[in-house]
Amino acid sequence: MENAWIIPLFPLLSFLFLIFFGKRLKDASAYIGILLSLASFVYSLLVLFERFTSPTHKAESVWLTIGDVQLTAGFEVNQLNALMLVIVSLVSFLVHTYSKGYMHGDERIHVYYAYLGLFTFAMLGLVLSPNLLQTYIFWELVGLGSFLLIGFYFYKDEAKRAAKKAFIMTRIGDVGLLIGMILLFWQAGSFEYDEIFAAVEAGAISSTMITLTAILIFIGAMGKSGQFPLHTWLPDAMEGPTPVSALIHAATMVAAGVYLVASLFPLFTASETALMTVAIVGAFTAIFAASIGLVQKDIKRVLAFSTVSQLGYMMLALGSAGYVAGVFHLMTHAFFKALLFLAAGSVIHAVHTQDIEKMGGLWKKLRVTGPLFLIGTLAISGVPLFSGFFSKDEILIAAWAHGNTVLFWLAVVAAFFTAFYMFRLFFMVFAGESRTDMKHVKESPSVMTIPMVVLAVLAVVAGYVNTPWFGTFLGDWLTDGNPALGHGHIEGPAWIMIVATIVSLLGIFLAWLIYSKRSLARDWLGASTLYNVLYNKYYIDELYEVTILKVTKGISVLLRFIETFLVEGIVKGVAGAVSGLGHVGSKFQNGQIQRYGTVAFIGVAILIVVFTVTGGYLK
Amino acid sequence: MSSVPLSLYLALALILFCIGLYGALTKRNIIIVLISIELMLNAVNINLVAFSKFGVMPSITGQIFALFVMAVAAAEVAIGVAILIALYRNRNTVNIDEVNTLKN
Amino acid sequence: MNVAYLSILVFSPLLGILALLLVPKANESLIKIVGLLATLPALLMSLVVFFQYRTGASLASFTEEYKWFQFGDPSTLGDLFSIKYELGIDGFSLVMLVLTAILSTLAAIASIYIKKEWKGYFMLFLLLEIGMLGVFAAENLILFFIFFEITLIPTFFLIGKWGYFEKEKAAFSFLIYNGLGSAVLLIVIMVLFARTGTSNIEGLTAIIASDSQHLLLSAGAKMGLLVALLIAFGVKLPIFPLHSWMVRVHVQASPSVVMLHAGILLKIGAYGIIRFGMGIFPDQFQEIAVVIAVLGVVNLLYGAFLALVQIDFKMVLAYSSISHMGIVLIGLGALNEAGIQGAIFQVVSHGLIAALLFFLVGVFYERLQTSNIPNLGGMAKGMPITAGFLLAGAMASLGMPGMSGFVSEFMAFLGLFKEMPILAAVGALGIILTAVYLLRAVLGITYGKTQRDFAGITDIRRAEWIPALVLMGIIVLIGVYPSVLTEPLTSTLETIMLGIGG
């Protein structure tokens with residue numbers, strides 16, 4: 001565990017090596033990426049096992065000195081970190097492997113693997129960070145990795161726009177985080193989590209300040225985790241290669257916001273307002289994104305909105321003081337959402353389209369991908385016995401127990417939506433007759449299917465680490481020795497579980513009725529206003545277009561006017577004054593002795609007058 | 001013997017000098033410019049002589065200087081008129097505005 | 001021990017000028033090699049000092065002092081009113097010296113794009129280097145001013161003769177603005193000299209500091225002098241609204257000249273404000289700190305908004321320089337350790353980043369004859385490595401952690417948030433805008449559909465690798481391991497903080 005810092009260095013090595021020498025390696029660069037990510041996964045696993053028996057380990061050294069203040073960098077292995085390490089490195093390793101098949105033949109495959117390495121490095125670094133500053137550093141680097149990978153197909157205008165949007169939207173959140181972090185620093189005198197928590201506990205920070213900083217930091221989390229209103233970049237980010245969507249925009253980076261809030265949980269619990277904000281934003285995002293997901297036609301966009309919605313769930317959990325529930329759902333979601341994305345990638349790989357209206361009947365063609373996708377769908381819909389069921393249940397209980405009744409019912413509705421749109425997706429893709437030519441559709445190679453199988457297994461069994469039936473191992477372990485994080489398990493009424501089950505089954509049944517059995521019209525919403533609003537994502541993008549963008553452009557244009565007329569005017573004035581003086585001066589230089597004489601005489605006369613009036617220099 | 005006070009000599013010299021200066025700076029005819037310069041020199045001479053008689057320490061030096069100035073003025077006029085004649089032969093003019101070749 | 005070490009360092013490019021006199025006018029490659037070689041002694045010598053200092057050597061032993069000239073009678077006035085030839089360095093000026101030497105060498109490499117009259121170019125170039133090195137090594141205000149003027153004249157010719165279409169106009173507006181700035185600076189120096197009888201910087205600092213009763217200079221006069229200094233150096237920096245000359249120069253001068261101009265010459269403004277403004281008039285500086293910080297935020301936002309609507313990439317970079325210099329002012333306005341250290345970091349970091357970006361402009365302008373963003377689209381297809389460097393440079397510029405820009409931005413804001421949180425929050429908007437305009441410009445160039453035929457166009461090659469890699473390497477080094485800069489700066493910072501009394 002003392003050497004845990006080495007974990008992020010494997011992918012960094014991969015990045016550096018591939019960026020410098022990758023061009024010569026071509027396809028072989030994939031092996032380097034895979035091997036190094038495997039190394040960090042194995043090491044993470046070791047660290048996790050060690051963490052079961054030994055206490056938190058933390059090591060730091062000075063990074064930057066400012067006067068008397070020393071900012072440190074280092075690493076920390078506590079329960080949350082160790083768990084995240086394994087999740088991140090595992091998914092990263094699987095995605096590395098999967099990409100070998102998916103990206104096969106791309107001439108820039110070494111760049112792709114280099115970027116993956118950079119991202120994995122940053123994400124693992126983020127997870128290990130013992131203080132806010134270091135978190136922020138890796139937080140930004142994670143964003144960089146995401147930006148590069150979204151824009152991997154740089155020659156497509158959509159990719160360019162999506163990459164830019166992702167970077168800028170998350171940057172807006174990051175500035176919130178930066179401000180919150182700096183304010184907190186001047187209050188607590190340190191960026192270290194421990195010292196911040198100690199200061200909060202000791203009451204050294206005023207409650208307004210706690211609320212303010214917590215909300216500012218939460219804005220950062222909103223940006224990364226795609227919470228309303230900073231969510232619009234996430235669906236667009238699907239322009240990147242699909243494995244990337246699985247890694248970054250489903251399992252790891254977007255969960256960083258949730259992770260950040262979880263890391264700073266004692267700060268949030270110290271302010272009821274901040275906690276409430278987190279819960280409301282989370283719940284609203286959950287239902288908001290789920291409603292959009294109902295009508296999308298792009299397989300990846302449906303999954304993207306479902307990610308946004310699930311992240312909302314996690315935020316709701318944390319905002320309802322359900323630390324364990326949030327982290328638990330973060331873990332299960334990482335597995336089943338990565339599975340869904342990889343399976344979607346496999347489908348896209350096979351049919352070369354992302355439009356679900358053009359798919360159908362793929363169950364027979366894709367004999368491996370189909371069932372795997374079904375497992376993922378069942379898990380996310382919260383069908384009993386699958387992992388999503390347990391974690392979602394925890395969240396609902398947490399929301400109920402915390403007294404957020406309204407939010408609880410919102411979450412229940414969102415769960416219904418989720419089940420519905422996920423099975424709509426499943427039925428449209430795999431059931432029924434194929435709607436286009438499917439002759440050349442082939443199952444993906446095993447290098448792609450094996451990672452999916454691993455994830456599928458995890459999507460089923462990951463839930464059993466924390467169940468009300470067999471024991472809440474995860475919760476007990478996570479909160480062990482840290483009472484500030486709340487209880488390992490929150491007791492809730494049994495009917496919640498039943499309601500959740502009924503709701504999700506109802507959603508599945510409805511989807512089956514419409515999209516598989518067709519007892520109801522497929523275009524049940526028709527071209528109604530509601531449909532258009534949903535399909536266009538509540539016109540949020542357009543709203544930003546006409547407000548923020550226009551305003552910014554307007555200010556720029558206004559300032560350009562100031563620049564051209566005012567500032568340049570000053571320039572012209574200065575230049576004019578100088579050349580004017582020059583003209584006046586040159587009038588005297590006309591070559592006539594008499595003019596020179598006149599000037600000289602006048603000069604002398606003035607000097608004499610001055611001299612007599614002032615009485616001379618010596619006076 | 002009632003004597004004329006120093007200030008009147010100085011006033012006369014001042015008037016003479018101003019007339020000379022005005023002529024030297026404004027007239028376009030080189031001959032008149034030369035004559036004006038003579039006027040200024042003579043104004044100086046009057047001052048020198050006046051101071052040599054009525055100054056704080058009367059002495060003969062002023063008058064000697066006046067004689068020097070006359071000699072230098074004669075030489076100057078000789079050279080000036082010589083240049084003027086050469087110029088007239090070349091340019092056929094004695095107008096000062098047309099003699100600005102030094103400028104370029 | 002080090003007899004005349006600094007003098008040799010500062011005047012070493014003179015050797016190159018002499019050597020160039022002997023080289024025939026038409027021998028292009030030899031001229032370029034001599035020009036490049038002539039920058040190396042200063043580079044090596046400054047690096048040697050830097051590493052000696054890092055290993056614990058004292059910088060005091062480098063101080064040189066010779067009698068130069070004197071006003072009045074030495075028997076009665078003693079040392080008063082004598083001007084000495086004094087060179088000396090502290091941590092801050094050492095860092096600037098190293099930066100100057102590095103950028104000079106790299107700019108000499110980038111001078112391969114110069115198309116005509118190489119001999120005159122390199123002679124002026126080396127003269128400019130002498131001026132820049134001298135500015136940072138001078139311990140005496142008069143000497144400082146002389147070197148300051150030495151930088152002015154070669155720059156004027158370098159812009160006016162080897163630039164692009166409107167080069168003359170740019171050169172003249174450079175000269176007029178900077179000439180006025182110099183005049184103001186000269187007045188300040190003269191007033192100080194006449195009142196105190198010394199032009200030694202340390203001596204002046206001590207005298208003004210002991211003059212808390214305002215016997216030598218009234219409080220108003222001190223404030224006036226400080227404001228005059230701010231104007232003089234504000235022209236250089238540049239501070240809004242004194243910036244328009246700088247935009248022209250950035251657009252019209254050749255890339256190698258702009259590398260030096262954006263990398264070093266602008267930084268003389270910051271150096272002057274820190275060294276003289278803050279060093280000599282700490283009390284008055286404290287009084288106007290708020291104004292400085294506000295100016296900084298204005299610079300930051302104004303530059304960013306204008307960069308947002310430019311079509312020419314060089315214009316974007318020019319306004320981004322204005323915007324980034326705002327961060328220097330923000331740091332200075334904060335007037336605490338974090339802020340000042342951030343400002344100095346930003347000076348160094350922006351020097352490197354701007355040099356890198358302008359070098360890259362040179363690389364693709366040489367090949368494509370345009371810096372118009374819409375015309376360049378999709379460059380990553382044709383020139384992937386250049387595009388990669390461009391993207392990396394933009395990331396450094398917008399403050400991506402792991403690169404030098406982040407460290408400076410972070411510290412400057414850390415400082416300002418302590419003193420004026422609301423102003424700082426407004427300024428933080430600039431961080432978003434920086435990302436917006438840089439991505440808009442750089443992605444516009446590198447990403448998207450290919451706008452032109454890249455057939456027959458080579459990517460970055462041979463000698464061009466050196467500046468790109470070296471600059472990128474230093475940027476990352478400072479970003480990852482900032483102590484490489486903080487340690488030399490510690491003593492300077494302590495002195496400044498002592499003056500401010502914080």
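Two residues are in contact here if their C-beta atoms, placed from the backbone, lie within 7 Å. With that rule in hand, let us walk through this predicted model, beginning with how its chains meet.

Chain A meets chain C through 39 residues of its own, which are in contact with 42 residues of chain C. If you look for the parts of chain A that build its side of this meeting, you will find β1 (57-66), α5 (132-150), α6 (157-188) and α24 (540-588), each supplying at least two residues. The chemical make-up of that side is 26 nonpolar, five polar and eight charged residues. Two pairs of chains touch in the model, and the pair A and C has the most contacts of the two. Chains B and C, on the other hand, are joined by no contact. Their closest C-alpha atoms are 26 Å apart. As for confidence in the whole assembly, the model scores ipTM 0.90 and pTM 0.86.

Now turn to the interior. The largest nonpolar core has 423 residues. Which residues have the most contacts inside this core? They are A:L339, A:A411 and A:A459. Helix α19 of chain A, residues 405-430, gives the core its largest share, with 20 residues. A:A459 is a good place to zoom in. Setting aside neighbours within four places in sequence, A:A459 is in contact with A:F335, A:F336, A:L339, A:I375, A:G376, A:A379, A:F386 and A:S387. A:L339 thus turns up twice, as a contact of A:A459 and as one of the residues with the most contacts inside the core.

Two loops of chain A deserve a look at their backbone angles. Most residues other than glycine have a negative phi, and most peptide bonds are trans. A:A321 has a positive phi of about 65°, although it is not a glycine. You will find A:A321 in the loop between α14 (299-319) and α15 (323-351) of chain A. A:L385 is also not a glycine, and its phi is positive at about 80°. The loop that holds A:L385 runs between α17 (369-381) and α18 (387-401) of chain A.

Is each of these two residues buried or exposed? A residue is buried if 20 or more other C-beta atoms lie within 10 Å of its own, and exposed if 12 or fewer do. A:A321 counts as buried because it has 24 C-beta neighbours inside 10 Å. A:L385 has 11 other C-beta atoms within 10 Å, so A:L385 is exposed.

Chain C has backbone features of its own, in the loop between α9 (219-236) and α10 (244-252). C:P238 lies in that loop, and a cis peptide bond with omega of about -10° joins C:L237 to C:P238. C:P241 lies in the loop between α9 and α10 as well. The peptide bond leading from C:F240 to C:P241 is cis too, with omega near 5°.

How confident is the predictor about chain C? Its mean pLDDT is 87, and 98% of its residues reach 70 or more. Within chain C, helix α5 (residues 118-137) has the highest confidence, at 92, while helix α3 (residues 74-77) has the lowest, at a mean of 70. An unreviewed UniProt entry places the feature "domain: NADH:quinone oxidoreductase/Mrp antiporter transmembrane" at residues 138-427 of chain C. In the model, this span is 83% helix and 0% strand, and its end C-alpha atoms lie 35 Å apart.

Last comes chain B, which has three helices and zero strands. From the N terminus on, its elements run α-α-α. A compact globule of 104 residues would have a radius of gyration near 13 Å, whereas chain B has 17 Å. The box filled by its C-alpha atoms, taken along the principal axes, is roughly 55 × 25 × 25 Å. Buried residues make up 12% of the 104 residues in chain B. Of the contacts in chain B between residues at least 6 apart in sequence, 48% join residues at least 24 apart.

The UniProt annotation "transmembrane region", from an unreviewed entry, covers residues 6-25, 32-52 and 64-88 of chain B. Two of these spans can be followed in the model. Residues 32-52 of chain B are 100% helix, with end C-alpha atoms 30 Å apart. Residues 64-88 of chain B are also 100% helix, and their end C-alpha atoms lie 36 Å apart.

Key. Residues numbered from 1 in each chain as written. Chains lettered and ligands numbered in written order. Predicted model: local features only at pLDDT ≥ 70, side-chain atom pairs only at ≥ 80, totals over all residues. Helix = DSSP H or I, 4+ residues; strand = E, 2+ residues; numbered from the N terminus. Nonpolar A, V, L, I, M, F, W, Y, C, P; charged D, E, K, R; others polar. UniProt positions renumbered as here; feature names shortened; annotations may be inferred. Core = buried A, V, L, I, M, F, W, Y, C linked by C-beta atoms within 7 Å. Rg over C-alpha atoms; globule rule 2.2 N^0.38 Å. pLDDT = per-residue confidence, 0-100.
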